[in-house]
Amino acid sequence: HIAMSYTALSVLKIVGDDFSRLNRKSIINALRSLQCDNGSFMPVATESENDMRFVFCACAISEMLHDWSGFDPKKAVEFIVESQSYDGGFGLRRGTEGHGGSTYCAVAALSLLGAIDSVRDRTGLIRWCISRQGDGFSGRPNKSSDSCYSFWIGATLKMLDAYDLTCPERNREFNMSCQSSFGGFGKVPEARPDLLHSYMGLCGLSLMGLDDLQKIDPVFGFGVRAAAHDPLEHLKTTRGSKSPSS
Amino acid sequence: RKRRRREAQRTQRGSLYFCVPPSCVASTPMTDFEVQEDKTMYPFSTNPEWSDITPLKQDDGPNPVVSILYSKRFSESMDYFRAILQKDERSPRALRLCSEIIDLNSANYTAWHFRRACLKELDSNLTEELKYVSEITLQTPKNYQLWFHRRKLVEWLNDPSLELEFTAKVLESDSKNYHVWSHRSWVNQHFNLWDGELAFTKSLLEQDLRNNSAFNHRYTVVKHTTGFTREVIQSESRFVFELITKAPNNESAWNYLRGLFDTNEFSQHDEFQRFTEDVISGTKSVHAYSFLVDILMRRKQNSDLLRAVEICKNLGSELDEIRVKYWKYVEKLIRQQIQDE
């Protein structure tokens, strides 16, 4: 499952593995059978849904292994670009509602593809992201704040160099109010804490830079230390570029 | 007591929020419970129907980390499922086993896939299967696998006749469920079923004019049917004007209006501007001001651009303080535009 591959590789980076036991070729070859005609990705080769989540996974995997031969990047970019909604956010696929999660996946994937300039309406995207802030951030217009969007939207703004346009103090206040009395974060104040919101809530706090937390790489969603751990660095083609086409 | 625990588990699962990427893991019950006491096959070890199967334990290797505290029922059910998978046994009991696994973890994509394999092999009644999916949708309406499974069934049956009514029903409990709108959109496009869609979005917006999903669906419907012709933009903008008049600071409505404005082909800027100025004269709507800035930025005359700058200053200092840095950034963009002109 492409999301499991992404997660597994991320964990290996985090714990400092040397990647020597990975069958890298097979991972990359698998991506070929997962890309759809429209550029999107399925998570498993037996038929399944396909959308922006897995486009991100494919790009993150390719970057972590420094091997972009597994899929057609042009088609992937096209799929992403077409998924921008009239309101500036990105949906899971074309025509669907702009949503914080899919927006993160879209922008992170474009960053990895070196194609962030392909966004049709960058101004609208920034406006949409900035408008997501109530106290914390919501995932869609007219929905309430949810701690995990402090990462999904926060990271997106970081990648667009527009994070400084947010109000981190209010954002922090909200996230902290989502912390339960016995630890962990829930999606909203008083909500039961869960792993996802604890993870995302902490990442969001890290982005704010107001607490003593390790820095988070906005593209990958884990620490910069782990992101910098690159056992396959010698395979990187162009220095400083994540683009397969450069 | 068992029933109360059952209900508690249902509520917990139903209310668990699944954020979009890339999570697909559902909760695992910590306690044993039976959904339908007469229908479950657990415990398998004492069930004569399963006496021929050797359960296959989960192999987490010699040093498992972060092991999940599975319930006895979960472990045993999965042990028998693994055995059936290994055998690739696509039988009626395998189909029932899939139901058990799905009940324990509705995000188990392998169970859903194998279920489809069994359905095909057994040439099962897909209409009955659709009923099954519909039933569990009410328990876990935000599950990706479930909605994909439904899509496959509808495809195989080549029959969308229940879909519009069903999606409308699910939207009654959560009018913004992303999966539901997505499925409905798919039905519209795959079967070219557009009659009544505009009216449907209208009725949803009558219930809640802040329903962002309904606005998005409306945009998609127009795009796929009439397209954004001059006449359509006119009628759509009238429609949105009415909604804005009722709630002048509704971001979803203003976004939709901006969407119409951005189709760019027809310069109805005057009408849009007139309406926006009207709103502002009555209410200090942040979104109205924001839209006005966009209109003025299109105009390119110095006087318009300077006015846009003033609006940004007002938004940042007074009306939309949380976004003060953003409005300073927009102001900078406009000043840059003034310089460039």
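Me: Which side chains meet in a salt bridge with Arg140(A), and how is such a pair recognised?

Reply: A salt bridge is counted when a side-chain nitrogen of Lys or Arg lies within 4 Å of a carboxyl oxygen of Asp or Glu. In this predicted model, the side chain of Arg140(A) forms one with that of Glu97(A), at 2.9 Å from N to O. Local features need pLDDT of at least 70, side-chain atom pairs count only at pLDDT 80 or more, and totals for chains, interfaces and linings use all residues. Side-chain values use heavy atoms, with hydrogens and water left out; residues are numbered from 1 along each chain as its sequence is written, and chains are lettered from A and ligands numbered from 1 in the order in which they are written.

Me: What are the domains of chain A, and how far apart do their C-alpha centres lie?

Reply: Domain bounds come from an automatic or database domain assignment. Here that assignment gives domain 1 (1-120) and domain 2 (121-213) of chain A, with C-alpha centres 23 Å apart.

Me: How many residues of the two domains of chain A are in contact, and how much area do they bury?

Reply: The size of an interface is often given as the accessible area lost when the parts come together. Buried area is computed with a 1.4 Å probe and summed over both parts, while contact means heavy atoms within 4.5 Å. In chain A, 19 residues of domain 1 are in contact with 17 of domain 2. The two domains bury about 1,400 Å² between them, 65% of it on carbon and sulfur atoms. The rule finds 1 salt bridge across this interface.

Me: How many residues of chain A and chain B are in contact, and which residues of chain A lose the most area?

Reply: Contact joins 50 residues of chain A to 39 of chain B. The area buried between these chains is about 4,200 Å², with 56% from carbon and sulfur atoms. On the chain A side, Tyr86(A), Arg127(A) and Asn142(A) lose the most area to chain B, together 20% of what that side buries.

Me: How many salt bridges does the rule find between chain A and chain B?

Reply: The rule finds 3 salt bridges across that interface, including one between Glu251(B) and Arg132(A) at 3.0 Å, N to O.
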